[in-house]
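These are my notebook entries on a strand pairing and on the cavities. I record what I looked up, entry by entry.

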Amino acid sequence: MNIFVHEKTKTFHLQNDEISYIMTVLPNGHMGQLYFGKKLHDREDFSYLLEGFIRNGESGEYCAEEQEGRHAGYPLDCVCGASMERLRLEYPSCWGGDFRQYALEILQDNGSRLTDFAFSGYELLPGKPRLAGLPATYTEEDGEAQTLVLKLRDETAKLELTLLYTIFAKDGIIARSANIKNTGKRTVYLERALSLCLDLPDMDYEMVQFSGTWTRERHPKVRRLEQGLQGIESIRGSSSHHQNPFLLLRRPDATEMSGEVMGFSLVYSGNFMAQVQVDTYDASRVLLGIHPDGFSWKLSEGENFQTPEAVIVWSDKGQNGMSQAFHRLYQRRLCRGYWRDKARPILLNNWEATYFDFNEEKLLKIARKAKENGVELFVLDDGWFGKRRDDYAGLGDWVPAKELLPEGIAGLSRKIEEMGMMFGLWFEPEMVNPDSDLYRAHPDWVLSVPERKETLYRHQLVLDFSRKDVVDYIFDSMAKIFRESRISYVKWDYNRYFSECFSRALPADQQGEVFHRYILGLYDLYERLTSEFPHILFESCASGGGRFDPGLLYYAPQTWTSDNTDCVGRLQIQYGTSFVYPVSSMGSHVSAVPNHQVRRVASIATRANVAAFGTYGYELDLNKLTGEEQEEMGRYTEFMKKHRELLQFGTFYRLKSPFEGNETAWMVVSEDKKEAIVGYYKVLSEPNKGFDRLKLAGLREDVLYEVSGKGTHYGDELMNLGIITSGDMAFRTGDGYSGRGDFDSVLYFLKAE
Ligand code: DGJ
């Protein structure tokens with residue numbers, strides 16, 4: 001890893017074993033993008049990559065001597081006549097003659113939105129600086145990464161722009177963010193401040209986004225790039241079930257295993273925009289950051305604004321190559337704390353077992369059975385506090401309901417620990433029911449517009465987390481429970497989107513800050529709680545996977561992947577989620593049959609085989625199973641205890657997509673490649689099937705592996721020929737096989753001899 005700086009040509013080259021990211025200072029002082037992709041040799045001068053053809057149709061050498069002095073056609077055109085709209089730019093602003101979408105828009109006191117940031121200096125830093133108040137990837141040792149800090153200045157507006165670029169030593173990763181500072185006396189308003197702009201010279205890509213809604217999150221959607229705008233967004237206040245803050249660009253010939261792929265991920269949990277704009281010259285511009293709609297940030301003298309971080313991963317090893325780089329980075333250098341590297345406890349959550357219908361006796365009965373089956377953590381979900389006997393009341397009143405729990409959470413958590421399990425608790429800290437003591441005492445603490453109706457969703461309102469007094473109050477309520485009870489785990493839920501995003505605590509000209517200030521308040525609360533209670537394992541949740549984003553992984557190393565606990569639905573959801581997020585981050589439970597979301601009846605084996613590629617747990621009352629079923633569940637619990645390290649932290653490969661047929665397959669391989677586990681799933685049983693083979697990945701070609709039920713094979717056989725799976729699940733007539741029916745699955749274990 002190196003950052004080459006060529007002072008003479010003003011060229012910056014960030015390089016590691018995989019990639020090169022090359023920029024230069026353009027003649028007008030702006031930062032220009034020269035190249036991003038596979039590693040190149042460094043050289044002093046890459047200016048041949050500047051193809052700044054003259055706007056009116058003449059073409060010529062970029063910045064040729066004879067063109068010096070020519071009048072610029074548009075405000076920010078280079079003096080040599082190269083038009084802004086033909087240049088590849090690092091952080092473009094509006095009004096300057098680059099007519100594409102832009103990264104920055106600043107409203108100044110005279111009404112102008114034109115800014116002109118020119119290079120004013122740079123700095124090289126070992127490692128990676130933290131971003132104040134925001135989650136971000138980090139380094140533990142300076143040698144893990146290097147950071148280039150580019151300084152730009154708009155002398156007229158007295159503004160400073162700082163662009164941060166971190167290159168990591170391993171994998172094709174660049175992390176970027178921007179900071180805008182008002183060094184003048186006049187107040188300005190940031191109307192748009194994205195985290196990343198990347199201009200690519202062609203449009204020969206497919207774009208993949210991960211879309212869905214409640215109970216079917218992160219389904220991949222693919223389209224070929226075309227001239228014009230294409231993209232995704234959230235203006236719901238959070239990253240959302242509907243779109244994930246992530247975009248993938250892949251060459252049309254790229255596959256899971258090979259080819260050029262780029263992923264763009266935003267480390268943020270609020271409104272976002274991710275766009276690709278292809279211009280009329282077939283050049284592509286990728287933009288990623290806080291959604292500018294509803295955003296306006298007042299910057300007074302001396303104040304600065306830090307954008308969230310955007311992470312780019314480039315790989316020529318296909319989609320799996322890109323995903324594995326994200327997994328390594330997010331698992332080890334985004335997630336933090338005590339639980340980061342630890343195999344996750346096997347939990348039982350009472351939600352689908354009881355919903356709101358419980359008392360202490362019932363919970364202890366469920367917990368006892370869970371303990372008998374090897375469960376390590378008992379989690380009490382919604383309904384334990386205030387008047388919360390259903391979802392109409394009580395949110396916000398974080399006081400244990402004595403009529404359900406006579407000795408409160410302190411007593412219940414003690415009893416659970418005495419059984420030999422850890423205890424976990426559900427909160428929905430950001431919300432309030434109007435029927436609650438909190439709302440009655442502080443009706444102004446919610447997001448709502450004066451003199452307008454307050455819109456309820458799930459009978460609740462959003463607390464105004466842009467206010468410090470509100471965040472302080474919730475911190476105190478939660479910390480009190482944590483201090484007086486024995487809490488090892490918290491499920492942090494969030495069950496509605498924003499509608500009236502207005503804060504009573506801010507003046508009119510700062511209402512455009514509420515969305516982002518809310519997220520800063522949320523991060524602040526997480527930061528304070530995780531600092532004071534570092535041993536608590538936090539799992540974030542938002543009606544399932546409505547906030548499965550890198551921002552929250554910084555505080556909570558696992559996320560409840562979806563409220564859909566059906567194993568077939570989960571194949572699709574976990575498959576899509578795995579494009580960015582590691583197995584160790586995916587909350588996944590075995591639930592009862594018929595399944596509560598889709599009424600499907602699937603075997604314990606398949607339910608467990610799907611949940612095994614996640615944090616693993618149960619979402620049912622084991623007392624309701626037959627003795628035989630309980631034993632089978634117990635065997636899966638033991639199985640997970642034995643293999644969870646490998647399942648959660650091994651190198652993960654997608655092998656077969658549930659979106660392309662009846663079968664899904666994926667696998668994990670240990671770091672030393674001596675062990676692997678393959679999950680192979682078939683949705684519908686098929687009669688009289690032909691020859692099935694499942695090609696594996698990530699093994700050593702010349703190593704002999706013992707494959708469970710399949711004898712011994714070299715890695716090259718397993719990867720090039722595949723495991724012969726015919727008959728393992730297929731229903732065949734007349735030849736001795738009796739298929740096991742629909743929703744079948746099998747796990748194969750591989751061990752190097
Ligand atoms: C939504 C979550 O996703 C569920 O798992 C459960 O915790 C409910 N909220 C409780 O209200």
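I looked up His 13 and found that it stands opposite Ile 22 in β3. I noted that this is a predicted model, in which local features need pLDDT of at least 70 and side-chain atom pairs count only at pLDDT 80 or more, while totals for chains, interfaces and linings use all residues. Residues are numbered from 1 along each chain as its sequence is written, and side-chain values use heavy atoms, with hydrogens and water left out.

I then turned to the strands (DSSP runs of E, at least two residues, numbered from the N terminus). β2 (residues 11–15) and β3 (residues 19–25) pair in the antiparallel sense over five bridges; pairing requires that DSSP find at least two bridges between two strands. I traced an open antiparallel sheet of four strands, in the order β1-β2-β3-β4. β1 (2–6) and β4 (31–38) each have a single partner strand and stand at the edges, so one side of each is left without a neighbour in the sheet.

Next I searched for cavities (sets of points on a 1 Å grid over the protein atoms alone, where a 1.4 Å probe fits but cannot get out). The structure holds eight of 30 Å³ or more, a volume being the space filled by probe spheres set on the points, which are joined across faces, edges and corners. The largest has a volume of about 140 Å³. Of its 15 lining residues (those with an atom within 4 Å of a point), the closest to its centre are His 30, Met 31, Tyr 91, Pro 92 and Phe 117.

I closed with the second largest cavity, of about 60 Å³. Of the 13 residues that line this cavity, the closest to its centre are Tyr 268, Asn 271, Ile 290, Phe 515 and His 516.

Key. On a 1 Å grid over the protein atoms alone, a cavity is a set of points where a 1.4 Å probe fits but cannot get out, and a pocket is an open set with protein on both sides within 12 Å along at least five of seven lines; lining residues have an atom within 4 Å of a point.
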